[in-house]
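Visitor: I should like to go through a structure and learn why its features carry the names they do. Please set each value against its definition.

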Amino acid sequence: QLADQIIQEAYSRHATDIHLGIGPDGPWLHERVDGVLRTVPVAPVLRAGYAGLMAHVKGMARLDAAQQGVPQQGRAQFSVSEGTLDLRVSVLPTPGGEHLAIRLLKTPQLLSLDQLGMTAEQHKLVNTLLTKTSGLMVVSGPARSGKSGTLYAMLLKLNTGKAHIVTLEDYVEHALEGLTQVSVQATPG
């Protein structure tokens, strides 16, 4: 219940990320709202229930709750009144205890290239680049700027069945019919 309450309250404050850790003075909680990290007062029950909360969130994200000395990443779904949130969960061991980061993502609708709001010139350039048989296209920008949406729109455009498409993704955000999508994670060291 405590984990659900933290996530629900963060979502109601329009937070995109939750950061939870423990230090010499006990647990701390931060939320990122409009790109700014804010400290959230910690409920007394969190002090006593920190280990249980960590185990519960790990279970939600299908992580190994028994492992505490290694970084872990996973995903979970969380229901809110407007639909479903996709939670990306990262656990990082520190000398004082495990720290938790949760990214709160509304499950977006996939957009086509036509719906991305590009100018006519940009749209023409992207369509031309997508017809090339070789090359490299870099899509970059700050967090939540539309990189994934743009890449998925491109994949939707390319997914005609005329080519075998394989993706390597840090997380497969959307499973697309007809593609081979591989979820990869960087290995430490």
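Visitor: What makes the contact between the side chains of E98 and K58 a salt bridge?

Guide: A salt bridge requires a side-chain nitrogen of Lys or Arg within 4 Å of a carboxyl oxygen of Asp or Glu. The side chains of E98 and K58 meet at 2.9 Å, N to O, so the pair satisfies that definition. E98 lies in strand 6 and K58 in helix 2 (residues 44-60), so the bridge ties together parts that are 40 residues apart in sequence. Helices (H or I, at least four residues) and strands (E, at least two) are DSSP runs, numbered from the N terminus.

Visitor: On what kind of model does this rest, and which conventions apply?

Guide: This is a predicted model, in which local features need pLDDT of at least 70 and side-chain atom pairs count only at pLDDT 80 or more, while totals for chains, interfaces and linings use all residues. Residues are numbered from 1 along each chain as its sequence is written, and side-chain values use heavy atoms, with hydrogens and water left out.

Visitor: Why does K58 count as buried or exposed?

Guide: Buried means under 20% relative accessible area, exposed over 50%, and partly exposed in between (1.4 Å probe, protein chains only). K58 has 2% relative accessibility and therefore counts as buried. Its partner E98, at 9%, is buried as well.

Visitor: How many salt bridges does a search of the whole structure find?

Guide: The search finds 5. Among them is the pair D17 and R103, whose side chains meet at 2.8 Å, N to O. D17 lies in strand 1 (residues 15-23) and R103 in strand 6 (residues 97-106), so this pair ties together parts that are 86 residues apart in sequence. D17 is buried because its relative accessibility is 7%, whereas R103, at 27%, is partly exposed.

Visitor: What can be said of R75 and D86?

Guide: Their side chains form a salt bridge at 2.7 Å, N to O. It links distant parts of the chain, with R75 in strand 4 (residues 72-80) and D86 in strand 5 (residues 83-94), 11 residues apart. R75, at 22%, is partly exposed, and D86, at 8%, is buried. Elsewhere, salt bridges that share partners join D17, R32 and R103 into one network.

Visitor: Which residues are buried in helix 2?

Guide: They are L46, Y50, L53, M54, V57, K58 and M60. After helix 2 comes R62, whose phi is positive, near 55°.
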